[in-house]
Amino acid sequence: MTTELPPSVYLSSCPNCGGEISSFRLAKGSVCSNCLKSEREFTSVFDLVSALKANGNLNRLKTFDEIGRRFQRVAEFFRNSLGFPPLGPQRSWVLRVLKGESFAIVAPPGLGKTTFGLIMAAYFASEEGVKSVIVFPTKTIVQQGVERLQLIAERTKASFNLVHYHAGLSESQKEEALDALKSGSFDVFLTTTRFMTTNVELLRKVRYRFLFVDDVDAALKASKSARAILEISGLHGGRHKGRQGTAETGENRRDRLRQDRGAEGEEAERQDRGVLFGNDNQGEPHGVVAHGFQAWGSRRLPEERDRRLLEDAGERGGGGRAFA
Ligand SMILES: [Zn+2]
């Protein structure tokens, strides 16, 4: 005796054509039978995309095809820079950045966070013509970052315009770096958290698309600084209020960007790509920045004094997540 239930059919739910699809096929990570005859089960969307491409039916899942191809180029860029491709969690960070997500991560040292940030910036500069801002806790680390990027440029034979700013520069060097930042004559701008928190307005006006903040909690304990970083990174609701006069939720905003897609929408979307990293040395994130991270992941109730900050961060919707 069979007790098998008939499959449910969902309208407008095939991820590739937008048509009807059975619950069985959805559970298999697949598309509808019009898109793909095979009953194969998929664990990777990229395998599914390959199968659709092979039968000439790749439709709405095309964006994953594009991301997959860009991922291969990033992996190649990693190999040329380091001798090996992105490893472990770096792979998912790369994918999330390529998808245009903004996110925050608190993770223990040793996972290649800094390497990831530097190589992504170099990749964007040389392969996609995209500008980046990289923020480190101290001037020493900024200096090391500059040297590592120069090495990456040598190894990959890429050429891009590196500009850096920290308190150790001479007055004329500082002026030169500021001019380059303001006029947009840089590909990668490296600076300190201190510069970032005291130049929020300037950094908001500068056009760049990839922001990488390394080790935020090491340098920041005050909620004022945390707010500055959230605002600049686009992970903070206040930024959009300021720009538009109304608060936008993540969903509203995505809809708006979808509507005015085309060069400008694309630009606006990409400009918000912020990645924040915190170091989790004690096995437990601490400070207001960690609380900010947790707000996106809804991991923990905030203390009263940080409640407003977290509410603001929450307005972004599902923009970022924290992994502790
Ligand atoms: Zn379909």
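Which element of the chain has the lowest mean pLDDT, and which the highest?

**View 1. Confidence along the chain of this predicted model.** Helix α12 (residues 237-244) has the lowest mean pLDDT among the elements of the chain, at 34, whereas strand β5 (residues 162-165) has the highest, at 98. Over the chain the pLDDT averages 75, and 66% of the residues score at least 70. Residues 237-271 stay under 50, and in the model this stretch has 33 contacts beyond four places in sequence. The pLDDT is also below 50 over residues 281-324, for which the model has 93 contacts beyond near neighbours in sequence. Where pLDDT is low, the predicted coordinates should not be read in detail.

**View 2. The overall make-up of the chain.** The secondary structure comes to 16 helices and eight strands, and buried residues make up 38% of the 324 residues in the chain. Of the contacts with a separation of 6 or more, 61% are between residues 24 or more positions apart.

**View 3. The largest nonpolar core and the surroundings of Phe-212.** This core has 47 residues, of which Ile-119, Met-120, Ala-121, Ala-122, Val-188 and Phe-212 touch the most other members. Helix α5 (residues 113-128) supplies the largest share of the core, with nine residues. Leaving aside residues up to four places away in sequence, Phe-212 touches Gly-117, Met-120, Ala-121, Ser-132, Ile-134, Val-135 and Val-275. A second core, separate from this one, has 11 residues, including Cys-14, Val-31, Val-49 and Phe-64.

**View 4. Helix α7 and the glycine that follows.** Helix α7 runs over residues 171-183, and because its 13 residues should span 18 Å at 1.5 Å a residue, the 18 Å between its end C-alpha atoms agrees with that expectation. The helix is followed by Gly-184, whose phi is positive, near 75 degrees.

**View 5. Two loop residues, other than glycine, with positive phi.** Ser-12 lies in the loop between β1 (9-10) and β2 (21-22), and its phi is near 50 degrees, a positive value in a residue other than glycine. Ser-12 counts as exposed because it has 9 C-beta neighbours inside 10 Å, the cut-off for exposed being 12 or fewer. Lys-157 is found in the loop between α6 (139-156) and β5, and its phi, near 55 degrees, is likewise positive in a residue other than glycine. With 8 C-beta neighbours inside 10 Å, Lys-157 therefore counts as exposed.

How values were computed
Residues are numbered from 1 along each chain as its sequence is written. This is a predicted model: local features need pLDDT of at least 70, side-chain atom pairs count only at pLDDT 80 or more; totals for chains, interfaces and linings use all residues. Helices (H or I, at least four residues) and strands (E, at least two) are DSSP runs, numbered from the N terminus. The expected span of a helix is 1.5 Å times one less than its number of residues. pLDDT is the predictor's confidence in each residue, from 0 to 100. Two residues are in contact if their C-beta atoms, placed from the backbone, lie within 7 Å. A nonpolar core is a set of buried Ala, Val, Leu, Ile, Met, Phe, Trp, Tyr and Cys residues joined through C-beta atoms within 7 Å. A residue is buried if 20 or more other C-beta atoms lie within 10 Å of its own, exposed if 12 or fewer, and partly exposed in between; C-beta atoms are placed from the backbone.
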